[in-house]
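Please open the structure in a viewer and keep the sequence panel in sight. The tour below proceeds by selection, from the whole chain to individual side chains.

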Amino acid sequence: MDLPPTLLATTTFVLHKVGAGSRRTVTARLTGETGLSLWEFAVLATLADFGPAAQREIGGRLGLDPSDMVRLMDGLMDEGLTERDRDPADRRRYRISLTPAGRDALDRALDVIERVERETLAPLTADERKQLHELVAKVFTS
């Protein structure tokens with residue numbers, strides 16, 4: 001690809017290209033090596049980090065439409081990666097929990113993502129990778 005220097009000098013364009021390429025690679029490798037989609041990985045990570053939660057809460061954290069959440073949760077439950085039970089704090093509500101199989105799938109997915117990031121960011125030193133992450137996270141959370 002022979003991009004014009006003007007585009008290569010545009011940080012947001014370069015970030016987009018790196019992000020889009022990384023996302024394609026992560027998605028393909030996750031699916032191929034774990035059977036998970038990127039959004040299924042995101043749900044498992046959310047449950048691992050925040051604990052059992054209502055489906056609506058998980059979707060809200062990830063910015064997903066409720067109809068998309070239904071499809072995601074049905075698939076994760078069918079695979080035995082999550083389970084739905086009554087919320088002990090409010091018996092009218094259901095909450096979603098990560099199963100041991102879900103934790104194992106998440107661990108495998110994290111390994112895949114770590115390998116993809118290592119390959120994608122290979123031109124950078126460890127300190128540069130850390131700095132890049134800190135800077136991109138700062139922009140993202142601002």
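A residue counts as buried when its relative accessible area is under 20%, as exposed when that area is over 50%, and as partly exposed in between. The model is a predicted one.

**The whole chain**

Begin with the entire protein in cartoon form. Its 7 helices and 2 strands follow the order α-α-α-α-α-β-β-α-α from the N terminus. Taken along the principal axes, the C-alpha atoms fill a box of roughly 60 × 30 × 30 Å. Of the 142 residues, 27% count as buried. Among contacts with a separation of 6 or more, 47% come from residues 24 or more positions apart.

Switch next to a surface display. The protein exposes about 9,500 Å², and carbon and sulfur atoms supply 55% of that area. Colouring by charge will mark 20 positive and 23 negative charges, whose mean positions are 4 Å apart.

**The nonpolar core**

Select V43 and I58. Within the largest nonpolar core, which has 26 residues, these two touch the most other members. Helices α2 (11-34), α3 (38-50), α4 (55-62), α5 (66-78) and α6 each supply at least two residues of this core.

Keep I58 selected and show its surroundings. Which residues is I58 in contact with, leaving aside its neighbours within four places in sequence? They are V43, T46, L47, A53, M69 and I96.

**Salt bridges**

Side chains of opposite charge can pair when their charged atoms come close. The structure holds 10 salt bridges, and three of the pairs are visited here.

Select D87 and R93 first. Their side chains meet in a salt bridge, at 2.8 Å from N to O. Is D87 buried or exposed? D87 has a relative accessibility of 10%, under the 20% limit, and therefore counts as buried. Its partner R93, at 35%, falls between the two limits and so counts as partly exposed.

Move to E57 and R61, which both lie in helix α4, 4 residues apart, or about one turn of the helix. Their side chains form a salt bridge with an N to O distance of 3.6 Å. Both residues are partly exposed: E57 has a relative accessible area of 34%, and R61 has a relative accessibility of 44%.

Now select E119 and R29. The closest N and O atoms of this salt bridge are 2.9 Å apart. Because E119 lies in helix α6 and R29 in helix α2, the pair ties together parts that are 90 residues apart in sequence. E119 is partly exposed, with a relative accessibility of 47%.

Extend the selection to E33, D111 and R115. Together with R29 and E119, these residues are linked in a network of salt bridges.

**The loop before α6**

Finish at T99. This residue is placed in the loop between β2 (90-98) and α6 (100-120). T99 has a relative accessible area of 8%, which is under 20%, so this loop residue is buried. To see what T99 touches, show G80, L81, T82 and E83: these are its contacts once neighbours within four places in sequence are left aside.

Methods:
Residues are numbered from 1 along each chain as its sequence is written. This is a predicted model: local features need pLDDT of at least 70, side-chain atom pairs count only at pLDDT 80 or more; totals for chains, interfaces and linings use all residues. Side-chain values use heavy atoms; hydrogens and water are left out. Buried means under 20% relative accessible area, exposed over 50%, partly exposed in between (1.4 Å probe, protein chains only). Contact means heavy atoms within 4.5 Å. Accessible areas come from the Shrake-Rupley method with a 1.4 Å probe; for residues, only the protein chains shown count as cover. Lys and Arg count as positive and Asp and Glu as negative; His and the chain ends are not counted. The place of a charge is taken as NZ of Lys, CZ of Arg, CG of Asp or CD of Glu. A nonpolar core is a set of buried Ala, Val, Leu, Ile, Met, Phe, Trp, Tyr and Cys residues joined through side-chain atoms within 4.5 Å. A salt bridge is a side-chain nitrogen of Lys or Arg within 4 Å of a carboxyl oxygen of Asp or Glu.
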